[in-house]
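Open the structure in your viewer and keep the selection tool at hand. Follow the stops in order, and select each residue as it comes up.

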Amino acid sequence: MAGPMVKAVVLDVGETLIDETRIWSRWADRLGVSRFVLMGALGGMAALDRSHREAFELVRPGLDIEGELAAWERDDPGGLRNHFDAGDLYPDVREALGALRRAGYQVIVAGNQPARAYEALVAMELPVDSVHTSEGWGVAKPAPEFFAKVAAVAGREPGEILYVGDRLDNDVLPAGRAGMRTALLRRGPWGYLHAERPQAKAADLVADDLHALLPALERLG
């Protein structure tokens, strides 16, 4: 990483902080297909650079996703459904983020999430300085405006920010175009697939877990 010293670490949510296995498993149960089938369809969509919603339509042709979500909420108003909670955090999250803050880095969560995810993340009492969602901002990745919001809430120049995510298309490449440093996290289906692509060389760091961030930042000054 050449350029200004990193002072803020900003992290994506899904498959960066949150293990989405339980979410996709509940979706499979809801759609009436085996979990193996839906996971395989999701992997296929990831490999083809297509939306995860197309996996739902593949296993349930003609599915009205918004209608299904509304029906699911009526059927199970108190359940997690397609939500997450602290039980879905990856095991390295609290320790790694806490270590970053103790080392003096500003730590921010900002990802493509619905507004309700904000409450869930805040309730986890993570060792972070602030939490933000795309719905709360009214703009989603990979739009440049999302990364402008990231820089604004951090109060930093883009080059002083390391953006961490599991995808090239939504995280590494647009954050890099915004002038930020980037780390590609090699977990979740997109993370494993994208780490093998030639464009992964655009990332300043390809990491297997969040524990790798602090040593990399310390080495890079």
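This tour goes through a pocket, some salt bridges, a few backbone oddities and the nonpolar cores. Keep in mind that the model is predicted.

**Stop 1: the largest pocket**

Select E20, H52, N112, Q113 and P114. Of the residues that line the largest pocket, these lie nearest its centre. The whole lining has 33 residues. The space inside comes to about 1100 Å³.

Which elements give two or more residues to this lining? Colour α1 (21-31), α3 (53-59), α4 (65-75), α6 (115-123) and α9 (168-177) to see them. Now colour the lining by residue type. You should find 12 nonpolar, 8 polar and 13 charged residues.

How does a program find such a space? A probe the size of a water molecule is rolled over the atoms, and this shows where empty space is left.

**Stop 2: a salt bridge from K7 to E160**

The search of the whole structure finds 16 salt bridges. We visit three of them.

Start with K7 and E160. Their closest N and O atoms are 3.2 Å apart, and the two form a salt bridge. Where do the partners sit? K7 is in the segment before β1 (8-11), and E160 is in the loop between α8 (144-154) and β4 (161-165), so the pair ties together parts 153 residues apart in sequence.

Are the two buried or exposed? K7 counts as partly exposed because its relative accessibility is 36%. E160 counts as buried, at 15% relative accessibility. The cut-off for buried is under 20%.

**Stop 3: D49 and R197**

Select D49 and R197 next. Here the closest N and O atoms of the salt bridge are 2.9 Å apart. D49 belongs to the loop between α2 (35-47) and α3, while R197 belongs to the loop between α10 (188-195) and β6 (205-207), so this pair ties together parts 148 residues apart in sequence. R197 is partly exposed, with a relative accessible area of 21%.

**Stop 4: E68 and its network**

Move to E68, in helix α4. Its side chain meets that of R30 in a salt bridge, with 2.7 Å from N to O. R30 lies in helix α1, so the pair ties together parts 38 residues apart in sequence.

E68 counts as buried because its relative accessibility is 12%. R30 is partly exposed, with a relative accessible area of 24%.

Now add R60 and D75 to the selection. Salt bridges with shared partners join R30, R60, E68 and D75 into one network. What else does E68 touch? Leaving out residues up to four places away in sequence, E68 touches W27, R30, R60 and L63.

**Stop 5: three backbone oddities**

Zoom in on the bond between K141 and P142. This is a cis peptide bond, with omega about 10°. P142 sits in the loop between α7 (134-137) and α8.

Next, pick E15, in the loop between β1 and α1. E15 is not a glycine, yet its phi is positive, about 60°. At 5% relative accessibility, E15 counts as buried.

Then pick R81, in the loop between α4 and α5 (93-102). R81 is not a glycine either, and its phi is positive at about 50°. With a relative accessibility of 7%, R81 counts as buried.

**Stop 6: the nonpolar cores**

In soluble globular proteins, nonpolar side chains tend to be buried together. Look for that here.

How many residues does the largest nonpolar core have? The count is 48. Select V9, L11, L17, L210 and L213, which have the most contacts inside this core. Helix α1 gives the most to the core, with 5 residues.

Centre the view on V9. Show the residues in contact with V9, leaving aside neighbours within four places in sequence. They are L100, Y105, Q106, V107, I108, L162, V164, L213 and L217.

A second core is separate and has 15 residues. A8, I108, V150 and A175 are among them. Notice I108: this residue of the second core is also in contact with V9.

**Last look**

Zoom out and show three selections together. Keep the lining of the largest pocket, the network of R30, R60, E68 and D75, and the 48-residue core.

Note on methods. Residues are numbered from 1 along each chain as its sequence is written. This is a predicted model: local features need pLDDT of at least 70, side-chain atom pairs count only at pLDDT 80 or more; totals for chains, interfaces and linings use all residues. Side-chain values use heavy atoms; hydrogens and water are left out. On a 1 Å grid over the protein atoms alone, a cavity is a set of points where a 1.4 Å probe fits but cannot get out, and a pocket is an open set with protein on both sides within 12 Å along at least five of seven lines; lining residues have an atom within 4 Å of a point. Grid points are joined across faces, edges and corners, and a volume is the space filled by probe spheres set on the points. Helices (H or I, at least four residues) and strands (E, at least two) are DSSP runs, numbered from the N terminus. Ala, Val, Leu, Ile, Met, Phe, Trp, Tyr, Cys and Pro count as nonpolar, Asp, Glu, Lys and Arg as charged, and the others, Gly among them, as polar. A salt bridge is a side-chain nitrogen of Lys or Arg within 4 Å of a carboxyl oxygen of Asp or Glu. Buried means under 20% relative accessible area, exposed over 50%, partly exposed in between (1.4 Å probe, protein chains only). A nonpolar core is a set of buried Ala, Val, Leu, Ile, Met, Phe, Trp, Tyr and Cys residues joined through side-chain atoms within 4.5 Å. Contact means heavy atoms within 4.5 Å.
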